[in-house]
Amino acid sequence: MSGGARHLLGVEDLSADDIERLLTLTDSFVEVSRRRMPKVPALQGRTVTWLFYEDSTRTRLSFEQAAKRLSADTLSFSVSTSSVSKGESLRDTVETIEAMGVDAIVVRHRSAGVPHQIAQWVSGSVVNAGDGWHEHPTQALLDCYTIREHLGGLAGRHIAIVGDINHSRVARSDVWAFTRLGAEVTLVAPPTLLPSSTEGWPVRVSHDLDAVLPHVDAVYLLRMQRERMTEALVPSLREYTTGFGLTRRRVDLLGEKAIVMHPGPMNRGVEIAADVADLPRSVVVDQVRNGVAVRMAVLFDLLGSGRELGRDLEGEGTR
Ligand code: NCD
């Protein structure tokens, strides 16, 4: 989505410059978010809606918060209480929404490629908020922003992504984003939780978390995505934790400045020990906070064309 793009569908399509530009834009919205009145008129008169075919807490709420802070109008839509439950097709649903005059649709769907499909049907912008195992671009952007905030940048950093890589759209988007910005990525998981081939992925792979931890600047834990598994891929959750959970003992293997990340929702006691999630080096809450500013940047980038950032950021709170 280099200047003037209409959609944000995946990180794989973004260049390092595209990502950097969005992170720089995010700085302005972090500043807005810190104001006493964290609201600006930047997207006044624009309408944003959501189409979430999968559950969500953070992503859905933070897009809503972002749209509201930009003064966009929001149309609430719930798949479970809409005509989708009466069998309306995706295409009919999308065309109905579009006919009401929306400028952007934020989509989450269990199948890879659905946001790309919708982008071909509508004249407005489409933002991918997670499609199956494929991509979750705004999560990757907020992760990059959080790493930059804590470690000063991604170039030359070493990041371990640990856990259920195969079912994770977050892992795929993060691998693209982190490596485009010059970081080195090691995937750590039992073979059953890795994709059958990682050929073409710019990563190293390890099955030994204890050996990797002393060498990383950030450890990124993933949830065991049981809803996407069709068979038992680990003998038991307890055994998974023994081999791959970030336990209190394992935290001591990390360098003094290394940070701990997780996209949420966390399963405390499985991939991350309950007390580890609350250590000062855990930046999980910062990830959520930055998610709002990153999504403001993405919506502004897609919908704010012709609007001047400087003037539009003068909200009441500046005074
Ligand atoms: C993730 C998702 O849904 O892709 N959560 C999120 O958006 N922060 C990861 C997950 O479900 O484990």
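A polar contact is a pair of N or O atoms within 3.5 Å. The model shown in these views is predicted.

**View 1. Polar contacts of the ligand with H136, R223 and R108**. In the side chain of H136, an N or O atom lies 2.8 Å from an oxygen atom of the ligand. That distance falls within the 3.5 Å limit. For R223, an N or O atom of the side chain is 2.7 Å from a ligand oxygen. R108 places a polar side-chain atom 3.0 Å from an oxygen atom of the ligand. On its own, the ligand has 320 Å² of accessible area, and the protein covers 93% of it.

**View 2. The shell around the ligand**. T59, R108, H136, Q139, R169, V170, R223, P263, G264 and P265 surround the ligand. By class, the shell holds 3 nonpolar, 4 polar and 3 charged residues. The ligand takes up the space of the largest pocket.

**View 3. The ligand between domain 1 and domain 2**. Domain 1 spans 11-136 + 288-318, and domain 2 spans 137-284. Where does the ligand lie relative to the two domains? It lies between them, because domain 1 and domain 2 both give residues to the shell.

**View 4. Contacts of domain 1 with domain 2**. On the domain 1 side, 33 residues are in contact with 27 residues of domain 2. The C-alpha centres of domain 1 and domain 2 are 26 Å apart.

Terms used: Residues are numbered from 1 along each chain as its sequence is written. This is a predicted model: local features need pLDDT of at least 70, side-chain atom pairs count only at pLDDT 80 or more; totals for chains, interfaces and linings use all residues. Side-chain values use heavy atoms; hydrogens and water are left out. A residue is near a molecule or strand if one of its heavy atoms lies within 4 Å of it. A polar contact is a pair of N or O atoms within 3.5 Å; within protein, one must be able to donate a hydrogen and the other to accept it, and residues adjacent in sequence count only if both atoms are side-chain atoms. Accessible areas come from the Shrake-Rupley method with a 1.4 Å probe; for residues, only the protein chains shown count as cover. On a 1 Å grid over the protein atoms alone, a cavity is a set of points where a 1.4 Å probe fits but cannot get out, and a pocket is an open set with protein on both sides within 12 Å along at least five of seven lines; lining residues have an atom within 4 Å of a point. A molecule sits in a cavity or pocket if more than half of its atoms lie within 2 Å of its grid points. Ala, Val, Leu, Ile, Met, Phe, Trp, Tyr, Cys and Pro count as nonpolar, Asp, Glu, Lys and Arg as charged, and the others, Gly among them, as polar. Domain bounds come from an automatic or database domain assignment. Contact means heavy atoms within 4.5 Å.
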